[in-house]
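Trainee: I would like to go through the wording used for this model. Could we take the terms one at a time?

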Amino acid sequence: MTAQEKQNWVSEHVDFSGYVKYLNTSSFTSLDSIGNDNLIHNRLNFKMYANDNLTLAIELRNRIFWGTSVKSIPNYASMVENSNQDIDMTALLINQPALILLSNIDRLYVDYHSSKWQLVLGRQRINWGKNLVWNPNDLFNAYSFFDFDYEERPGTDALRAKYFTSGNSSFEFAINYTDEWKNNTVAIKYNFNKFQYDFQMIVAKYLENYTLGLGWEGVIKDMGFKGELSYFMPYGNSIEDNAFVGSISFDYYFKNDISLNVSTLYNSDGISTTNAYDASQLYSESIDVKHLMPNKWSFFGQASKTFTPAIAGSMASIYAADIDMIFFMPQFTYSISQNWDFDVTGQLFYGKQKDNFSNLGNSIYLRFKYSF
């Protein structure tokens, strides 16, 4: 093979992409004290299409942290590392009082696919959720809506096999890797279409729970209607009670480029009193599918508007009824050019503390993103 032929093969079979982001965060409860944090976030995505059926992928995150939180929060490096994987693919390259450099692989897999089968082995995202905000069916890698800067969302070390039957139906099997059997998840999902709705049914062992799940996605007239239900039944020596987690959502798109999304979440295992509530639970990235919110009933609403092809804005809000907490997230995005984007995001938390409704904390995020 000549040098030109090698170059042509690489250009046809290897895909490289990524981005560099700079995120500045100003955090405060009152204007008496404002914390300032900085993050440079680089992502590198490599895919090699070995042939028509085989794909190899590796994706890396490199992050540099400095600012108030790095200096003032003990063990801040371990908090942002948060890999939640028994196979460690994270390298803490610099861990100094004023600067942290963290690199990790969050995708590393082999994907074989044919007309009837797809087999994926390695660190991957198994996305079984249907709703925008809360996904009780997303057993393998639940994520937090508050962590808006991680668009790719977490992955898991797993084997996933999908078999496409005739029509619009398929069977999917997945099992993730952990050091102990009690900590892993094994699940089978059946997808099918009925009454112009896409349905999924799930039978699983989720950690130390037998689990049944149901999800759907369809349209009522011109309004999108989605839902996810999961029922958890602890087994063995577990002292937990049976738990039901369900979320439904509606979305509607107007002709003037305005869209609305409303959703509700119910968690039978959630707390129902502010006395058992700690506001830090909302900031934690270490959530699981049984505890997408700390309380029982939560309500979400979001309105979005595209003003021009380059300018868009949205306002999202969450109300946690049982603990009297309300969250606002306004966002403004501007596409500077084909590869450059800028956005401003706010996160404001209000809640009840000692019988008083007060501000729990605010953050303002300024972000520049260059994609390649």
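Mentor: Let's start with Tyr163, which is partly exposed, with a relative accessible area of 31%.

Trainee: Why is Tyr163 called partly exposed?

Mentor: Buried means under 20% relative accessible area and exposed means over 50%, with partly exposed in between (1.4 Å probe, protein chains only). Tyr163 has 31%, so it is partly exposed. Remember that this is a predicted model, where local features need pLDDT of at least 70, side-chain atom pairs count only at pLDDT 80 or more, and totals for chains, interfaces and linings use all residues. Residues are numbered from 1 along each chain as its sequence is written, and side-chain values use heavy atoms, leaving out hydrogens and water.

Trainee: Where is Tyr163 placed?

Mentor: Tyr163 lies in strand β7; strands are DSSP runs of E, at least two residues, numbered from the N terminus.

Trainee: Which strands each supply at least two residues of the nonpolar patch?

Mentor: Those are β6 (117-124), β7 (156-164) and β8 (170-176). The most comes from β6, with three residues.

Trainee: Now the hairpin: how do you know that β11 and β12 pair?

Mentor: Two strands pair if DSSP finds at least two bridges between them. Twelve bridges join β11 (residues 209-220) to β12 (residues 223-234), so these antiparallel strands meet the definition. One of the partnerships is Gly213 with Ser230 in β12. Two residues sit between the strands of this hairpin, where Lys221 takes a positive phi near 55°.

Trainee: What makes β12 and β13 a pair too?

Mentor: Nine bridges link β12 to β13 (residues 243-253) in the antiparallel sense, so the cut-off is met here as well. Gly227 stands opposite Ile248 in β13.

Technical notes:
Helices (H or I, at least four residues) and strands (E, at least two) are DSSP runs, numbered from the N terminus.
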